Number of protein chains: 2
Amino acid sequence: MKLYEYTQAPNPRRVRVFLAEKGIKVPYEQVDIGTGKNRAPEFLKINPMGGLPVLELDDGTHLAESVAICRYFEALHPEPRLMGIDGKDAATVEMWNRRMEFEILSMTAGAFRNTTAFFKGKIPQSAEYGAICKDAAIKRLEWLDTVLADRPYIAGERFTIADITAMIGIDFGKLSDIRILPEQKNLARWHQSVSSRPSAKA
Amino acid sequence: MKLYEYTQAPNPRRVRVFLAEKGIKVPYEQVDIGTGKNRAPEFLKINPMGGLPVLELDDGTHLAESVAICRYFEALHPEPRLMGIDGKDAATVEMWNRRMEFEILSMTAGAFRNTTAFFKGKIPQSAEYGAICKDAAIKRLEWLDTVLADRPYIAGERFTIADITAMIGIDFGKLSDIRILPEQKNLARWHQSVSSRPSAKA
């Protein structure tokens, strides 16, 4: 088993933090997005979407999509549960994880991808859409601060994959000057809490 | 239990088809996106994101996000399995479902949402990004035709949630003139097959 990844990108970090929370060690192989190695023909055989990370199993199967990889490891090493306990809880965690993906991570990533010189000429960009993403991310952080007024973690009483997605989404926002504001005290308290876990450095 | 939904939108259709495949009947309550009922304060108490569908459980819990709702029903009524059998299979189905969401449905929906008069003044729009989405969707249909050369369904030998997501994503593309081309024979064969299931009319 090995994990193709890229240290500087948010989705690989999502899986690294998930694995660290479970105490799982997997060999990593870096694929440099900066020089377009993830769009090279050899890598597109592994993942036609060009995305990272990708998990290579010992039977040669390639599993792409961060949350699919996390779900594979959740089945293999259930504890600690990061994707829910029973049916209702798993659905609740999935709801929150998707909200963090679509409302936070996709927006901070969209703000970066559509405006950065890093991707110029590599992917289609729209500065106009990048600005929409940035504005949406800022509004969603205001909302997330209110969500965290009555609970320690995004999905409730326990740390889950939704916290990982939110943390990496928010941290990636710094590149686009999207930040937790001083008055967002619930969000700041939560961010301090999740960032101080050893997994955050994975 | 009841499901807040809107007949004309793609995500509610996704859940309706999923429920029809499992033979589950749930009372529906329409929330009119056309007149902005999903953005009204009463509905934002149910789902602060304003998205549909939302499942209301008998204990008053509200579950949003289509795939989270599907996962709840998959746990409640496992057969027929639409989200995978064991850990590796569930991860594979999730990978394909996410590819269909991000590469097909998000692109056909993005093409529509960013250009239609239906959403003018209701959500921020970027015609430039809408064109990027349309172009991406067209390219991804070409790719999906090659994927379906060696298998009956998106994720392999069995019909899964990935087929549902792909079908509703492709069907929604018609509004933006994104269509399966005559030379895409594998994709056309698959589309004919999934569209002829009774669930497709749900």
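Reader: How many of the 11 residues of helix α3 (residues 66-76) of chain B are buried?

Author: A residue counts as buried if 20 or more other C-beta atoms lie within 10 Å of its own. In this predicted model, 9 of the 11 residues of α3(B) meet that criterion, and the helix is therefore described as mostly covered. The buried residues are S66(B), V67(B), A68(B), I69(B), C70(B), R71(B), Y72(B), F73(B) and E74(B).

Reader: Which elements do the buried residues of α3(B) pack against?

Author: Within chain B they pack against α1 (10-22), β3 (54-56), β4 (62-64), α4 (87-113) and α6 (161-173), and from the partner chain α4 of chain A joins this set.

Reader: How many residues of chain A are in contact with chain B, and which element gives the most?

Author: Contact here requires C-beta atoms within 7 Å. By that criterion 28 residues of chain A are in contact with 28 residues of chain B. On the side of chain A that touches chain B, β4 (62-64), α3 (66-76), α4 (87-113) and α5 (127-147) each supply at least two residues, and α4(A) gives the most, with 10 residues. The residues of that side divide into 17 nonpolar, 3 polar and 8 charged.

Reader: What relation superposes chain A on chain B?

Author: A rotation of 180° with 0.0 Å of shift along its axis does so, with an RMSD of 0.0 Å, which is the relation of a two-fold axis. Y129(A) is the residue of chain A that comes closest to the rotation axis, at 3.0 Å (C-alpha). Because 100% of the interface residues of chain A are also interface residues in chain B, the copies meet through the same surface.

Reader: What ipTM does the predictor give the complex?

Author: The predictor gives an ipTM of 0.97 and a pTM of 0.97, while the mean pLDDT of chain A is 97.

Technical notes:
Residues are numbered from 1 along each chain as its sequence is written. Chains are lettered from A and ligands numbered from 1 in the order in which they are written. This is a predicted model: local features need pLDDT of at least 70, side-chain atom pairs count only at pLDDT 80 or more; totals for chains, interfaces and linings use all residues. Two residues are in contact if their C-beta atoms, placed from the backbone, lie within 7 Å. Helices (H or I, at least four residues) and strands (E, at least two) are DSSP runs, numbered from the N terminus. Ala, Val, Leu, Ile, Met, Phe, Trp, Tyr, Cys and Pro count as nonpolar, Asp, Glu, Lys and Arg as charged, and the others, Gly among them, as polar. A residue is buried if 20 or more other C-beta atoms lie within 10 Å of its own, exposed if 12 or fewer, and partly exposed in between; C-beta atoms are placed from the backbone. pLDDT is the predictor's confidence in each residue, from 0 to 100. Copies are superposed by least squares on the C-alpha atoms of residues with pLDDT of at least 70 in both.
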